[in-house]
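Trainee: I'd like a close look at a single part of this one. Could you pick a starting residue and walk me through what surrounds it, then carry on to the metal site?

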Amino acid sequence: MSNISILQQYPEYEVNIGIEVHVQLNTKTKIFCTCANEVAQQPNTNICPICAGYPGVLPVLNEQVVNSAILAGLGTQSEITPVSIFARKHYFYPDLPKGYQITQHTEPICTEGKVNIRLEDGSTKAIRLIRIHIEEDAGKNIHSPFSNESFVDLNRAGTPLLETVTYPDISSAYEAKEYLKNLRSIMMYLGICSGNMEDGAFRADTNISVRKKTAKELGTRCELKNINSFKFIGDAIEYEIERQITTLEEGGMIVQQTRLWDEKNRKTIIMRSKEEAADYRYFPDPDLPLIEVTKAKIEQMKEQLPELPEQKVKRLVSDNGLSLYEADIIVNDIELANYYDRAAKINSSKQVLNWILRDVLGYLKESKENLLEFKVTPEKLAGLITLLETGKINNHAAREVFEEVAKTGKEPVDIVKEKGLEQIGSSEELEIIIKAIIDENPDVVQKYKAGNERLFGFFVGEAMKRTKGKGSPNVIQDLLKKYLK
Ligand code: ZN
Ligand code: MN
């Protein structure tokens with residue numbers, strides 16, 4: 001079941017998807033108090049009267065949150081609003097002791113941004129952002145599986161969030177996944193979010209509707225909530241597109257609902273039906289000042305902008321000669337991108353990429369280590385490749401050195417010395433060995449000369465054996481061709 005087949009079956013339909021993402025900021029402290037903004041082991045330990053919602057306390061805005069929001073705006077080509085305001089969004093829920101969430105309503109800090117994605121045919125599509133606004137997170141309700149009790153943990157209350165909202169520009173599960181991957185990369189490159197989806201640091205709510213291409217209004221939408229992997233989001237969207245088109249084709253109606261993805265049964269299920277938009281009675285929060293962002297402030301933040309994923313892909317393609325495909329693999333993972341950059345700065349040959357894609361990723365997959373604790377640092381990898389390229393060691397030895405560095409963290413040069421892996425590249429030394437092989441195997445030489453060219457491999461193998469794998473393959477081949485003429 002895939003939406004490609006359903007859309008091929010019903011080409012008169014199109015899909016409209018809008019996505020809201022809550023990006024959890026990695027500031028040191030919470031948004032309106034000095035409590036640590038970190039995951040705590042015990043419930044209700046990172047709390048104080050402000051984030052616990054005591055009456056009579058006053059919030060104080062964390063400047064780092066505003067800076068992060070400006071960076072997010074610049075990283076998504078958004079307009080930065082000169083004066084934006086906080087609002088109270090009222091609703092009652094046990095994990096929200098104040099009875100309202102502090103958020104932004106009419107004047108969000110960023111508007112009209114865009115995130116570029118690459119389509120399957122290689123072309124670029126801009127997904128437009130309606131807004132990015134700042135808000136606080138609520139706490140968590142925990143329902144005991146053992147008793148008929150529920151608990152409230154306020155550790156997460158007051159965690160700063162950026163809510164990023166797109167126009168319904170996304171038209172397939174593929175585009176949705178690309179958008180989410182790119183947005184997450186941007187936030188991670190900006191250094192403002194851990195990107196950790198399992199911990200809920202990057203949470204997507206997806207609104208999906210379908211309509212006939214001739215229709216003027218968008219179709220009734222359903223919202224997919226709380227899905228914490230790109231793959232599941234993609235699968236859920238594909239299921240939902242098929243469900244909606246099939247329902248309409250059978251003469252049914254789409255009811256506005258919030259739905260969940262049931263991975264076990266691979267379908268979306270209803271969580272709640274949505275009535276009219278709730279009346280949150282938004283009004284400006286009287287406890288907080290306006291957020292003023294001056295032009296000078298924006299300029300100052302621009303100087304802090306790092307190289308972003310899209311620029312990095314362009315640079316790796318144009319300056320380093322990577323293919324788009326290779327650049328995507330490197331850039332999609334910020335740690336891998338940093339690793340590559342550090343190695344490529346020391347050794348600019350294409351070998352660096354080959355070794356990373358083949359040996360580094362292969363080794364890490366096998367050993368289940370992660371790149372940050374990997375003993376073959378980018379500097380050591382570059383050094384190893386230089387030894388190989390200058391002919392100090394051959395390919396065979398390079399592999400051995402790589403394994404040894406990965407296990408011990410020693411310098412490649414030291415391992416080469418310790419293990420006596422220097423390549424025998426001097427013609428004089430190799431010449432003696434090759435002459436001996438030829439003298440000792442007159443029958444093989446005769447067969448080779450009679451036309452059995454495959455026997456060339458016998459001589460190469462023999463030479464490698466006698467040099468204990470340290471002979472330079474190029475020099476050996478040249479010498480054999482010379483003496484076997
Ligand atoms: Zn607090
Ligand atoms: Mn929100």
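Mentor: Sure, let's start at Asn-67, which is found in helix α2, residues 63-75. Keep in mind that this is a predicted model. Asn-67 has 18% relative accessibility, and because buried means under 20%, Asn-67 counts as buried. Setting aside neighbours within four places in sequence, Asn-67 is in contact with Lys-297 and Met-301.

Now for the metal. The manganese ion (ligand 2) has three protein donors: His-22 through NE2, and Glu-135 and Glu-163 through OE. They lie 2.0 to 2.2 Å from the ion. Along the chain, the donors of the manganese ion (ligand 2) follow the spacing H-x112-E-x27-E. His-22 sits in strand β1 (residues 13-24) and Glu-163 in strand β10 (residues 160-166), so this pair ties together parts that are 141 residues apart in sequence. His-22 counts as buried, at 13% relative accessibility, and Glu-163 counts as buried too, at 10%.

The strands around those donors are worth following. β1 and β10 pair in the antiparallel sense, over five bridges, and the bridge partner of His-22 in β10 is Glu-163. So two of the ion's donors are also bridge partners of each other. On top of that, strand β7 (residues 124-136) runs antiparallel to β10, with seven bridges joining them. Within β10, Val-165 is the bridge partner of Arg-131.

As for how covered β10 is, seven of its seven residues are buried. That goes for both faces: Pro-160, Leu-162, Thr-164 and Thr-166 are on one side, while Leu-161, Glu-163 and Val-165 are on the other. Notice that the donor Glu-163 shares its face with Leu-161 and Val-165.

One last stop is a pair of helices. The axes of α7 (residues 324-332) and α8 (residues 334-346) come within 5 Å and cross at roughly 110°. Angles of 65 to 115 degrees count as roughly perpendicular, which means that α7 is roughly perpendicular to α8. On the α7 side, the residues that meet α8 are Ile-329, Ile-330, Val-331 and Asn-332; on the α8 side, they are Ile-334, Leu-336, Ala-337 and Tyr-340. By class, this contact has seven nonpolar residues, one polar and no charged ones.

Note on methods:
Residues are numbered from 1 along each chain as its sequence is written. Chains are lettered from A and ligands numbered from 1 in the order in which they are written. This is a predicted model: local features need pLDDT of at least 70, side-chain atom pairs count only at pLDDT 80 or more; totals for chains, interfaces and linings use all residues. Side-chain values use heavy atoms; hydrogens and water are left out. Axes are lines fitted to C-alpha atoms, for helices over the stretch in contact, and angles run from 0 to 180 degrees between N-to-C directions. Helices (H or I, at least four residues) and strands (E, at least two) are DSSP runs, numbered from the N terminus. Angles under 35 degrees count as roughly parallel, over 145 as roughly antiparallel, 65 to 115 as roughly perpendicular and the rest as oblique. Contact means heavy atoms within 4.5 Å. Ala, Val, Leu, Ile, Met, Phe, Trp, Tyr, Cys and Pro count as nonpolar, Asp, Glu, Lys and Arg as charged, and the others, Gly among them, as polar. Donors are N, O and S atoms within 2.8 Å of the metal (3.2 Å for Na, K and Ca); water is not among the atoms, so sites may look incomplete. Buried means under 20% relative accessible area, exposed over 50%, partly exposed in between (1.4 Å probe, protein chains only). Two strands pair if DSSP finds at least two bridges between them.
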